[in-house]
Amino acid sequence: MSQLADKIAANVSPLHPLSLEAKNMSSLSPTEASEIRGALESKLKNRSFHFVLADPAAATAQRAAKVQFAISEGAQGYVLVAEIQNSSEPDSEPQIAIVSAPKSPLRVDEPAMDSLSLDKRLIYRQAEKFVDFALLSPEAPANPSLLVILEPERLAYYRQQDASWHFSQAVPIVRWPVRDLRGRIDNDGKHVYLGDVTCTGKLAQPDTLKCIQTGSGFSSGPVFVAGDTADIGSPCKTRAAYLESGPGDWTQTDSIQGYESNDSQFNASGAPIETPGPVMSFGPGFATSTARAVVYNLKTKNYEAYIVTATCSH
Amino acid sequence: MSRRLAATSLILVVVLTALPARTARRPRYGGTLRVEMSATIASLEPAVEAPTSEQAAAKSQIDGLLYDHRDADGTFSGERGNGPFRVTAWEPGKRATLEANNNFREGRPFVDSIEISMGVTTHDRLLDLQLNKADLAEIPPQDARSASERGVRVSISKPDELLALVFNTADSSTSRKASVREAVARSIDRAAVVNFILQKTGEPAGGLLPQWSSGTAFLFPTTTDPARAKELWSQISPAPKLVLGYHSADPLEQSVAERIVVNAKEAGISITAQAIQNSAANSAPVRSQASHVDVTLLRWRMPSPRPEDALRDIVLVLNAGPLAGVNSTPFPDSASPQDIYNQQRAILDKFTVVPLVWLPQVYGLSARVRDWTVPGPGEQWPLADVWLDTGPDAGADKQP
């Protein structure tokens with residue numbers, strides 16, 4: 001923002017007031033766009049500019065320089081554009097100042113409330129593919145400090161530091177290449193399955209893991225995979241419940257719906273929650289009434305790890 | 001307690017098993033994907049150059065299925081046959097059969113094979129999609145809407161192909177006059193081209209890059225200004241007669257050329273459209289020089305979504321032809337959005353190139369094609385990831 005303010009300042013004398021008109025042509029929300037406009041105004045005020053209303057009559061009367069500020073978006077991020085029309089040269093072509101800005105992270109949708117209320121919490125995201133993850137609490141049960149990401153070629157370990165995850169080490173996994181790669185970290189904390197490879201040991205202690213290729217080729221190997229449903233126990237009294245991801249293929253956004261048993265029938269319970277892309281893997285979480293989901297975010301092209309929690313809301 | 005848990009689990013297992021079959025999310029292996037294309041490819045040998053840009057593009061798509069990967073410069077790496085598919089049958093210019101490579105580095109493709117039919121007309125491709133005789137075929141953008149209305153499943157990319165006017169300033173003394181070029185440029189009604197010829201499948205172009213790529217296309221106006229065009233033309237004496245060349249085998253170019261003639265005549269500009277045959281029409285910059293036309297239509301497809309790479313490419317294309325010898329602003333290797341805008345502005349202010357419309361790539365798909373993602377600029381058809389949904393019982397999770 002400072003860069004754009006500098007460019008505007010280079011084209012306009014602070015002796016003239018500025019009229020600033022903003023338009024949002026990006027995917028940012030009106031609130032976010034308004035914050036950006038506010039930031040630009042603030043930077044310009046720091047450079048001794050003062051503002052008049054964007055009203056054309058007022059601007060002309062005060063010989064204000066007109067700045068049309070656009071928040072745009074290209075293939076590589078946001079593009080901030082200022083079209084600057086000097087009051088002394090109203091008929092000339094406007095000066096154009098352009099700067100780029102990186103894209104900000106997406107926000108996670110708020111959960112809907114109903115009888116079975118679902119909440120999803122983004123744990124981690126990365127551009128590289130992963131098929132499952134586990135959030136472990138080796139030191140304090142209520143405070144997960146270890147994140148294990150099952151990637152196509154390795155089991156990557158991350159430790160929490162300063163509210164973010166930092167890579168610590170990895171266990172390489174050599175397997176037969178398959179296009180529809182499936183894998184799962186078992187909730188017993190002792191087994192990891194990836195294609196035709198089984199790793200055994202204590203998940204929280206990577207040095208103890210031993211990975212063995214149990215076959216070669218497509219037709220062999222265990223089919224221990226996370227599916228499209230996750231048993232979540234009984235959040236509402238004794239009624240068995242499970243969560244299920246939606247239909248469609250991997251090019252579409254998805255949803256997760258809760259189901260509860262009622263006289264041997266399972267019916268949809270509560271409102272579904274939307275995911276920003278297809279649920280690539282889905283299975284029961286380590287804690288009660290939770291599920292873990294790996295989602296491919298179609299907009300950011302990141303793979304995202306979510307913990308979905310089901311609570312009973314009356 | 002444990003009995004209750006056991007009972008609950010049993011109910012869950014029974015009920016989950018009894019749930020109705022849902023649309024499969026997990027890909028299925030098997031089946032033959034039927035692809036139809038208009039281009040005819042005489043040879044897949046790298047040494048044999050495709051004679052037209054259309055054939056080169058089609059050959060590149062097939063190469064993308066046969067080679068392991070593509071390098072940054074666009075060339076394919078490794079041996080042919082190390083990619084996701086291998087050629088098992090080849091009839092030059094007519095048909096090809098590709099078989100899935102079980103040992104492909106990234107895993108075997110889902111479909112067993114691909115049958116490619118070449119030289120299929122637009123009419124026949126649309127008909128075969130309607131009759132479910134084809135699974136994938138390219139559709140001209142101007143036919144996208146009617147195809148959709150006829151029940152064809154249509155997949156449309158972001159607009160990534162530019163249709164532009166390019167003036168032959170090297171050979172045509174008329175085109176060397178900036179006021180002539182500006183008058184023609186201002187007379188063109190781009191919105192009419194998009195709305196009527198393209199049936200709204202496309203968008204007016206003002207810059208050399210689309211808005212989704214550069215983020216600054218909105219700074220280049222696309223509106224028509226017939227009054228200014230008329231004023232400019234009236235000041236040119238003697239009033240020249242212009243010839244606009246278009247590719248004789250491209251119905252879209254013909255329609256657009258005819259529309260431009262109508263717009264220009266409304267502004268008093270004397271211009272005629274002239275079809276250009278065969279080899280002279282393959283490359284627009286060459287076309288204008290070889291055929292002694294004053295201005296010609298250029299179709300250029302972005303090689304990359306990155307604005308700096310795409311702009312560098314079109315500048316190269318233009319400098320190889322009508323803009324040869326015309327000084328342009330040096331373009332830095334790591335260009336900022338400001339640099340990219342400035343470069344476009346420097347070119348467009350001369351009116352030697354007049355962007356008209358942005359066209360998307362349009363594909364028709366059969367209902368059974370799943371996990372198709374429309375390829376972006378520079379990307380290959382993702383046929384290794386595509387699978388065929390042939391019903392709940394047909395080859396679910398079949399492993400080869």
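A residue counts as buried here if 20 or more other C-beta atoms lie within 10 Å of its own. By that yardstick, 35% of the 314 residues of chain A are buried. The model is a predicted one, and it holds a second chain, B, where 43% of the 400 residues count as buried.

The two chains can be set side by side. Chain A has three helices and 21 strands, while chain B has 12 helices and 17 strands. Then there is the matter of how far along the sequence the contacting residues sit from each other. Looking just at contacts with a separation of 6 or more, residues 24 or more positions apart account for 49% of them in chain A. In chain B, the corresponding share is 68%.

Next comes the place where the chains meet. Here 31 residues of chain A are in contact with 37 residues of chain B. On the chain A side, β3 (65-74), β4 (77-85), β5 (95-101) and β15 (229-231) each supply at least two of the residues that touch chain B. Sorted by class, that side of chain A has 14 nonpolar, 11 polar and six charged residues.

Some of those strands turn up again around helix α1 of chain A, which spans residues 2-11. Its buried residues are A:Leu4, A:Ala5 and A:Ile8. Seen around the axis, these three cover an arc of only 100 degrees, so they end up on the same side of α1(A). Over on the other side of the helix, A:Ser2 and A:Ala10 are exposed. And what covers the buried residues? The cover includes α2 (30-46) of chain A, along with β3, β4 and β5 of that chain.

Chain B offers a similar story in helix α6, made up of residues 190-197. In this helix B:Arg190, B:Val193 and B:Val194 are buried. Looking down the axis of α6(B), the buried residues fall within an arc of 95 degrees, which means they line one face of the helix. They pack against three elements of chain B, namely β10 (203-204), α9 (251-266) and β14 (353-359). After α6(B) comes B:Gln199, and its phi is positive, near 55 degrees.

Back in chain A, there is a sheet to look at. Strands in a sheet are held in pairs by backbone hydrogen bonds, and the pairing can be parallel or antiparallel. In this case four strands form an open sheet in the order β15-β16-β17-β18 (chain A), with antiparallel pairing. β15 and β18 (265-275) of chain A are the edge strands, as each pairs on one side only. From one strand to the next, the twist averages 20 degrees. Zooming in on one pair, strand β17 of chain A (residues 254-262) is joined to β18(A) by eight bridges, and the two run antiparallel. Within this part of the sheet, A:Ser261 stands opposite A:Phe266 in β18(A).

One last residue deserves a look: A:Val52, which lies in strand β2 of chain A (residues 51-52). Is A:Val52 buried or partly exposed? It has 19 other C-beta atoms within 10 Å, so A:Val52 is partly exposed, given that the cut-off for buried is 20 or more. In sequence, A:Val52 and A:Ala65 are 13 residues apart, and in space their C-alpha atoms are 9.6 Å apart.

Note on methods:
Residues are numbered from 1 along each chain as its sequence is written. Chains are lettered from A and ligands numbered from 1 in the order in which they are written. This is a predicted model: local features need pLDDT of at least 70, side-chain atom pairs count only at pLDDT 80 or more; totals for chains, interfaces and linings use all residues. A residue is buried if 20 or more other C-beta atoms lie within 10 Å of its own, exposed if 12 or fewer, and partly exposed in between; C-beta atoms are placed from the backbone. The arc is that of the directions from the helix axis to the C-beta atoms. Two residues are in contact if their C-beta atoms, placed from the backbone, lie within 7 Å. Ala, Val, Leu, Ile, Met, Phe, Trp, Tyr, Cys and Pro count as nonpolar, Asp, Glu, Lys and Arg as charged, and the others, Gly among them, as polar. Two strands pair if DSSP finds at least two bridges between them. Axes are lines fitted to C-alpha atoms, for helices over the stretch in contact, and angles run from 0 to 180 degrees between N-to-C directions.
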